[in-house]
Amino acid sequence: MLLLAGSVWPASAADQRAVNYDEAKVPAYTLPDPLVMNDGTTVADAAAWREKRRSEVLELYRTHVFGRSPGRPAGMTFKITSCDRQALGGKAMRKEVAVFFTGKQDGPSMSILIYLPNGAAKPVPAFVGLNFGGNHAINSDPGITLSTRWMRPGRAKDGSVVDNRATEKGRGTEARRWPVDMILARGYALATIYYGDLEPGHAEGWKTGIRAALGDAGANTQFAPDAWGAIGAWAWGLSRAMDYFETDGDIDAKRVAVMGHSRLGKTALWAGAQDERFAIVISNNSGEGGAAITRRCFGETITIINTAFPHWFCANFKKYNGRENDLPVDAHMLVALAAPRPVYVASATEDQWADPRGEFLACKHADPVYRLLGKDGLGVEQMPPPDQPVGKTIGYHCRTGKHDVTDYDWRQYLAFADRHFGRNNSP
Ligand code: GCU
């Protein structure tokens, strides 16, 4: 099956008919109150959120949505596999770091590609995100090691078919989504990892990914109902990258923004929710299972996502197919798990599948948690017109155009990071 990342799903006509894109047909719903504890009492103050309610919400997400992930493996090691101080025409230092999860060089591993701006005062703040096409796809830099992992078949820039092995033709095929020069010019490092290093992006991918290697896959056929799905595995990899950043004197591990697009936007939200070391959390067009309010049943729904991508969430999540109102959480609570840290949610006008209004509403309904924690949250009641970023500690915009990551999106993320990291280099 050829899945096109970012394409409009679902493929089947029956599913298409079931999809609602009419605001008038959004069912009436009541959101769970993020500030009401499981026992029905109300969270009285910031300490009660921090000490009790935050862990309850996290636990609800673990049990019902993303599943439970293991922690940092005891024997994990890092190895710098390449370093070029004069990459990209002298603009950057390029490092590649192998993370050996069990310490064994022939065991499960991932490769982090890092660009650091030359001339910037170290340690530098950084953006980290998973990529869809292999590290070599984010830039045409010939010094990036070609991934040897399974690749989604697709098309190269010249239109020729790229099969499931990376070739030279794959270089730079995702560069449009990774404006490396812009990020470096603003004084940030960029770190990225191919999501397929953790788990290849197809239903059988777990067999060759870290869930089989490290998880509770048992006989490799059954997962516990609340065991991690693929999104949990991808998010876990981001935390392992953070483990590495804490050891790298060039990177300011206290100023790392985690960013992701689409399924990797859901992943960024989940990584940021679990791992408070990420200082900023950014969701780009994450939609269902990410920043979109699932109770709206607008665009993609729980049933559709669990059918098309049965491996993304934990098995328990399937209980909520067609039963959105029974789910004890909704997307505003995933956004609120970033609190009090800054979180940014971006939608796109033509990405109705991901429900832009539902993404805005998740931000709006996360706002009370931010306010309780003394932050100014979103600060607007109405969804802004296209291309008008809003918000304070919660940022939001809906860009004109399709499901994608564009320079426009990155400019907002850079300005947001500048504001929250106290940097003054916005143009
Ligand atoms: C599909 C899926 C979305 C997902 C996207 C992607 O469109 O329905 O939920 O965000 O794929 O990750 O590419």
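Helices (H or I, at least four residues) and strands (E, at least two) are DSSP runs here, numbered from the N terminus. This is a predicted model, so local features need pLDDT of at least 70 and side-chain atom pairs count only at pLDDT 80 or more, while totals for chains, interfaces and linings use all residues. Residues are numbered from 1 along each chain as its sequence is written, and side-chain values use heavy atoms, with hydrogens and water left out.

Let's start with a pocket, meaning an open set of points on a 1 Å grid over the protein atoms alone, with protein on both sides within 12 Å along at least five of seven lines. The second largest one has a volume of about 310 Å³. Its lining (residues with an atom within 4 Å of a point) runs to 16 residues, and the closest to its centre are Ser111, Thr145, Leu146, Ser147 and Asp197. Strands β1 (77-87), β2 (92-100) and β3 (109-117) each put at least two residues into that lining. By type, the lining splits into five nonpolar, eight polar and three charged residues; Asp, Glu, Lys and Arg are the charged ones, Ala, Val, Leu, Ile, Met, Phe, Trp, Tyr, Cys and Pro the nonpolar ones, and the others, Gly among them, are polar.

Next stop, Asp404, in the loop between β12 (394-399) and α10 (407-420). Why does Asp404 count as buried? Its relative accessible area is 13%, and buried means under 20% (1.4 Å probe, protein chains only). The side chain of Asp404 makes a polar contact with that of Arg176 at 2.4 Å; such a contact is a pair of N or O atoms within 3.5 Å, where one must be able to donate a hydrogen and the other to accept it.

Now for the aromatics. Rings of Phe, Tyr and Trp (its six-membered ring) pair if their centres lie within 6.5 Å, and planes over 60 degrees apart make a pair edge-to-face. The whole structure holds 23 aromatic pairs. Take Tyr344 and Phe416: their ring centres are 5.0 Å apart and their planes sit at 80 degrees, so this pair is edge-to-face. Tyr344 is in strand β10 (residues 343-348) and Phe416 in helix α10, so the pair ties together parts 72 residues apart in sequence. Tyr344 is buried at 2% relative accessibility, and Phe416 is buried at 1%.

Phe360 and Tyr396 form another edge-to-face pair, 5.4 Å centre to centre with 70 degrees between the planes. Both Phe360 and Tyr396 are buried. Finally, ring pairs link Phe127, Trp178, Tyr188, Tyr344, Trp410, Tyr413 and Phe416 into a cluster.

Technical notes: 1 Å grid on protein atoms, 1.4 Å probe; cavity = no way out; pocket = protein on both sides within 12 Å on 5 of 7 lines; lining within 4 Å. Points joined across faces, edges and corners; volume = space filled by probe spheres on them. Buried < 20%, exposed > 50% of the residue type's maximum accessible area, 1.4 Å probe, protein only. Phe/Tyr/Trp six-rings, centres within 6.5 Å; stacked < 30°, edge-to-face > 60°.
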